[in-house]
Protein chains: 2
Amino acid sequence: MNRDIFMELLARREFKAVRSILDVMNAVDIASLLSQLEDRELALAFRLIPKDKAAEVFSNMGNSLQSQLIDVFTEKELKEILDDMYMDDTVDMLEDLPANVVTRILEAIEPQKRAQINVLLRYPEDSAGSIMTTEYVDLRGHMTVKEAMAHIKQVGIHKETIYTCYVLESRKLSGIVTAKDLMTAEDDVRIADLMETEIISVGTHADQEEVAGLFAKYDLLALPVLDADECMVGIVTVDDAIDVVVDEATEDMSLMAAINPSEKTYFETSVWEHAKNRIPWLLILMLTAAITGTIITRYENAFAAIPLLVSFIPMLMDTGGNCGSQSSTLIIRGIALGEIQFRDLFKAVFKEFRISMVVGAFLAIANGLRILIMYRDSHLAFVIALSLVVTVMLSKMIGCTLPLLAKKVHLDPAIMAAPLITTIVDTCSILIYFNIATMVFHLTI
Amino acid sequence: MNRDIFMELLARREFKAVRSILDVMNAVDIASLLSQLEDRELALAFRLIPKDKAAEVFSNMGNSLQSQLIDVFTEKELKEILDDMYMDDTVDMLEDLPANVVTRILEAIEPQKRAQINVLLRYPEDSAGSIMTTEYVDLRGHMTVKEAMAHIKQVGIHKETIYTCYVLESRKLSGIVTAKDLMTAEDDVRIADLMETEIISVGTHADQEEVAGLFAKYDLLALPVLDADECMVGIVTVDDAIDVVVDEATEDMSLMAAINPSEKTYFETSVWEHAKNRIPWLLILMLTAAITGTIITRYENAFAAIPLLVSFIPMLMDTGGNCGSQSSTLIIRGIALGEIQFRDLFKAVFKEFRISMVVGAFLAIANGLRILIMYRDSHLAFVIALSLVVTVMLSKMIGCTLPLLAKKVHLDPAIMAAPLITTIVDTCSILIYFNIATMVFHLTI
């Protein structure tokens, strides 16, 4: 839908046309269209959305837009929207809204739903409990397929998904029946005979990354969440799992580039927030790099004697940094996807050792030849080639070890990426380089 | 399942126990258990898997394991497995198997299915066509809910998903009905009255990243794929969309760390392959860094006069590289998630300009004070502080511009990440630093 046409119709108060447009549009697209409107047009347009779509549009809006609307909603309007929203979307919204708005919302929600929401709000951020919904279809083992279908027809319309139904016996999960099983089975089959009893589930405190991993591994549409007593308390649905996969990758990439992760998009984040997210790491890294600088001053005599030595510093530092970040990136990603564990440390180190032999040899020969041809100095070529081999090997060892150690001590492995590895490797490569150079050229420090 | 117990039972030929274990295990877990077996045990164990689960286990195996099994399968066994496999899984497998195995498989598949597979195999890699399946439930508008349910009961068992059904009129897609709609509607409602006509679809040649983006945006379970004539040819299911999200993030992270992406896991990739994926970029970056080195030699007189100048090179280079990679990472991720377009270039540059003012000022003051205190040299402090501000600003400009330019000329923006940005920024920071230094200290070049 073209925004300008929509704005024009809204400005001309052609409500019938606006309503028709909103009627055929997808809720996600309406939310994005509304985000471009002026404050006073927003409430007007929102009230023209067909009733059955309003809650879905509202769920898909950003927090600032939701706040704006809540401010102008009557109690009745707010109540209607909240009644139609899924539990997990409501909790999601409440987690990010200012406290006074949260209070107003909780007051508008019916008591039973409010109690459930309060429970959900208490789960740690990024846990299975915090992203689950408590609205799922539960069946009993003694039901027949026909009875189950009748039950779903009655309660299903208000549930976020009906495609995986859960068979409960005194709140414990005894089996799973898919809608596909129900729709393709005969009417008189008992649920207990139809249900799958190999159940994949998670605890309420499981990390959301682990939850998303299970969806990817087992091709799930929904995943039951059990409490400490093994009683079923909710489900995570696949749409939330996809969001987790996307968010976790974004978070890892930010951390790997030395930025404190933000949940907002690039343009939603203000200049000050961007600066605030970036400065701490830059400062730490800058001061660490200053140490490398101090080390260089120890070799002033060396490069006073052979000034050409200085010109190879960037190449050695960069190559070391790149080699280290290659290794750390692969290990960090492997850890995130559950493919690499701490117990694989020695296997990984041995692998990186062999890779660095190949890579180091290749780079050393390429660069050694270049220097031999350009400067016709075999000693210099030897110094650079040897420094390269040692730097490559050391940086790959550091790059694969640090993320695994971070994991072991429950730090996020993603912080052990390019920026930090580069800074650490810099110091090492400078030390290696000048020590080799002083030895080969018999320089005094 | 404990691997050792399983192996022990298998070795003792206690087939009944093994079969019972396989009966209760999940197909994905069986595939992972079997991957740890010796060659000769593999075929034996596979034949003990219950018939209705064998194809699913096979689909979840790696390519080398699949090849091994195909080698020992009889024609009959192969045919049975292939008949039970979903179309998209078969195509996935065929894309990665050696040619002689592919021939044998295609011969074993029934002619009609083979024709469809051959069509699917012709779609470009990573396109919607290459990840879709042609097995979906199609309905007609004139059917009633009861007729539709009867139709699904008859054909649904062989379809990958029945949760989104497609209403076709002469091969064109006229609407979508979800299983939830069917299960909660009355028996005599017409499909044409029930169906949703706001349809989100993609073309066969759409990039899989775009496809995955639609799943995340619209919370879809399946997405219809249309050919150039707008006729429906298949669907992409949500489980494949999750795999795409994971794979694309991994691919971007690899590229961003100067590694050619691999579809295999870290430990599955051999030492030689790892080396081969890493050397090309390292070589390019190393030779580019050599240019920075050559530039440094132009300033030999400068650091012969003030050797201390050399010691600030790592700090300036690292900070410039880190600033540049922060900006480029956020822009690259924003592009991948569809949040930033090429038309936002000036908006992004202006934003980075303001951020770099804040960040640059902060770092310059911190470092200027440190140098003033450590060396009591206000000229030096001024040189470093000014160089920092200019370097930070320039590197953030470069970091945000290059990924967007890459996107414009249809290169993968992810290559414009830390390693390349760092190398480019290095040269700039050295030039900035030595020019400022020679001016302030009145040095001759």
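Okay, quick one to start: which residue in S3(A) does Glu169(A) stand opposite? It's Lys172(A). Keep that pair in mind while I walk you through the rest, and bear in mind that this is a predicted model.

So, the sheet in chain A. Three strands make up an open sheet, in the order S1-S2-S3, with mixed pairing. At the edges you have strand S1, residues 138-139, and strand S3, residues 172-178, and each of those pairs on one side only. For anyone who hasn't looked at sheets in a while, strands pair through backbone hydrogen bonds, either parallel or antiparallel.

Here we get one of each. S1(A) runs parallel to strand S2, residues 164-169 of chain A, with 2 bridges between them. You can point at the partners: Asp138(A) is opposite Tyr166(A) in S2(A), and Leu139(A) has Val167(A) as its bridge partner. On the other side, S2(A) and S3(A) are antiparallel and share 6 bridges. That's where our opening pair sits, Glu169(A) across from Lys172(A) in S3(A). The hairpin made by S2(A) and S3(A) has 2 residues between the strands, and in it Ser170(A) takes a positive phi near 45°.

How does the chain get from S1(A) to S2(A)? Helix H12, residues 145-155 of chain A, goes with those two strands to make a right-handed β-α-β unit.

Let's hop over to chain B and look at H12 there. Val145(B), Ala148(B) and Ile152(B) in that helix are buried. They span an arc of only 60° around the axis, so they end up on the same side of H12(B). If you want the reminder, an α-helix has 3.6 residues a turn, so residues three or four places apart point the same way. Turn to the face away from that buried side and you find Ala150(B) and Gln154(B), both exposed. And what covers the buried residues? Part of the cover comes from the other chain: it includes helix H13 (179-184) of chain A, together with strand S1 (138-139), helix H13 (179-184) and helix H14 (191-194) of chain B.

Compare that with helix H6 of chain B, residues 63-72. Buried there are Gln66(B), Leu69(B) and Ile70(B). Their arc is only 100°, which again puts them on the same side of the helix, H6(B). Among the elements covering them are helix H4 (39-47), helix H5 (51-59) and helix H7 (75-84) of chain B.

Right, on to the two chains together. The contact takes 94 residues from chain A and 94 residues from chain B. On the chain A side, helix H17, residues 271-297, gives the largest share, 16 residues. Sorted by class, that side of chain A has 58 nonpolar, 21 polar and 15 charged residues.

How are the copies related? A rotation of 180° with 0.0 Å of shift along its axis puts chain A on chain B, RMSD 0.1 Å. That's the relation of a two-fold axis. And 100% of the interface residues of chain A are also interface residues in chain B, so the copies meet through the same surface.

One last residue to click on: Ala275(B), in helix H17 of chain B. Why do we call Ala275(B) buried? Because 20 other C-beta atoms lie within 10 Å, and 20 or more is the cut-off. Across the interface, Ala275(B) touches Ile355(A), Val358(A) and Val359(A). Back in its own chain, Ser262(B) is 13 residues away in sequence and 12 Å away in space, C-alpha to C-alpha.

How values were computed:
Residues numbered from 1 in each chain as written. Chains lettered and ligands numbered in written order. Predicted model: local features only at pLDDT ≥ 70, side-chain atom pairs only at ≥ 80, totals over all residues. Contact = placed C-beta atoms within 7 Å. Helix = DSSP H or I, 4+ residues; strand = E, 2+ residues; numbered from the N terminus. Nonpolar A, V, L, I, M, F, W, Y, C, P; charged D, E, K, R; others polar. Least-squares fit on C-alpha atoms with pLDDT ≥ 70 in both. Pairing = 2+ DSSP bridges. Buried ≥ 20, exposed ≤ 12 C-beta atoms within 10 Å, placed from the backbone. Arc of directions from axis to C-beta. Right-handed = clockwise from strand over helix to strand, strands pointing away.
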